[in-house]
Amino acid sequence: MKYNDHNYTEANFINHELIGQILENAKNVSNEEIQEVIRKAADKKGLTYEEIAILLQAESEAHVSQIYKIAEKIKSEIYGNRVVIFAPLYVSDYCVNNCKYCGYKRENKFARRKLSEEEIRAEVRILEKMGHKRIALEAGEDPVNCNIDYILDAMKTIYSEASEKSNIRRINVNIASTTVENYKKLKAADIGTYILFQETYHKPTYEDMHPKCIKGDYEYHLTAFDRSMQGGVDDVGAGVLFGLADYKFEVLALMMHNKHLEDNYGVGFHTISVPRIKKAEGMEMTEFNSLIDDATFKKIVAILRIAVPFTGLILSTRETEEIRNELLHHGISQLSAGSCTGVGGYKEEEEGNHDIKQFAISDERSPIEVLKGLIRDGFIPSYCTSCYRMGRTGDRFMKLAKSGEIQHVCQPNALMTLKEYVLDFGDAELREMADHFIAQEIEKIKKPETKQVVIQGLRDLSEGKRDIFL
Ligand code: SAM
């Protein structure tokens, strides 16, 4: 069944009853059955809802540690040791919604604003100076003060601000659910991934969390990716705001959403984000009764990595350095770095001011510090943006990813973009660490012709060439 703007209320692909039943049935399975699922998980073929539920219900230390091991193995086989780096850019905090968890909710009274063209340029210049190439554009929902034309103009400004030497090469966009027409416009404006978090798939909780506002329409929000696919935006990034409802329900619902997209449009989520609720203006953490602890969070990430091996998993600076480092081993493949979560936040940070943020962050390290930490832990920070620029999106990307062929472009691109970062933004310490590390990583490349391409690319970069990618 396909959905369009008029029949979206037919959306029934998140079957609450079925999820409840599957979780209940998975409660009392035998040790042999759990072992069987763990064995199957290692094959990277994905799992059924029933099998995912069995992993979600597995509590014993022995089972959980096996789940971590498999997730780590899958992560390293598919993503190697690469970690994609990005930063958010908040352009407007006008918001007509009243999400109980969000600092931007309309009942929070503060002077709202959106960035002018000049202010966007200023933010982009700062992001460029940090070495960023990939950003997630963020805005609250306000059809009058922040309409689609404002977003499209902002994208144009960002792409055109990009200088030749160090530029923003990919804009992912995280804005409210909209129409097929607007997704077509975003596609024409060169959107990377369209990101939208469902917040919670549990309808009663969703309605409770979004009282009296446009976003409160569960079905319209849930069918946003259908409209996005129909509008030609086939890279979509999902997410659940963990802490609102039972995490086991949310993970199975995410899988049902993914399958719905695969069945109807040939491709599921390009990425999944795993935000956990953080303290924000106008709310107290005690208002939320499904908060998850670190151990549970780790388990969720590992199970997602096993359930959808080829979907990128994104972790933001909402989490501490320690948890971010740990979760890279269990499945995370993209990290934000040096983030500000307020409108005009990068300039204010530079000037020492602080404004209303959407929520508090926990990892305050600069990108260069994040990069040093990653290299120390054996990860390659990657600023690669080549897939979408080469048209490898949607099912074309997934086919390449599933065949394993993507490795032969991702690894060289990661090393070359790291080298570019080091040349343009590195200090003496990073230069030394990275050059040594890159040399080691080149030795690991198996195909001689790929190795040659990287060696030549690194030489060209040192001689001043930029933006080299496969
Ligand atoms: N207005 C868009 C929408 O409605 O989807 C963009 C959303 S906002 C800029 C990005 C995300 O931040 C939200 O989808 C929500 O999941 C998350 N967020 C909001 N408040 C949060 C909080 N207190 N802690 C952690 N994440 C939060």
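User: What makes the approach of Tyr101 to a nitrogen atom of the ligand a polar contact?

Analyst: A polar backbone atom of Tyr101 is 2.8 Å from a nitrogen atom of the ligand. A polar contact is a pair of N or O atoms within 3.5 Å (within protein, one must be able to donate a hydrogen and the other to accept it, and residues adjacent in sequence count only if both atoms are side-chain atoms), so the pair with Tyr101 qualifies. Ala139 has a polar backbone atom 3.0 Å from a ligand nitrogen, and for Lys278 a backbone N or O atom lies 2.9 Å from one.

User: How much of the ligand does the protein bury?

Analyst: Taken alone, the ligand exposes 580 Å², of which the protein buries 97%; accessible areas come from the Shrake-Rupley method with a 1.4 Å probe, and for residues only the protein chains shown count as cover.

User: On what kind of model does this rest?

Analyst: The model is predicted: local features need pLDDT of at least 70, side-chain atom pairs count only at pLDDT 80 or more, and totals for chains, interfaces and linings use all residues. Residues are numbered from 1 along each chain as its sequence is written, and side-chain values use heavy atoms, with hydrogens and water left out.

User: Why is the pair Arg169 and Glu420 called a salt bridge?

Analyst: The term requires a side-chain nitrogen of Lys or Arg within 4 Å of a carboxyl oxygen of Asp or Glu. The closest N and O atoms of Arg169 and Glu420 are 2.7 Å apart, and therefore the pair meets the definition. Between domain 2 and domain 3 the count is 1 salt bridge.

User: How many residues of domain 2 and domain 3 are in contact?

Analyst: With contact meaning heavy atoms within 4.5 Å, 11 residues of domain 2 touch 11 residues of domain 3.
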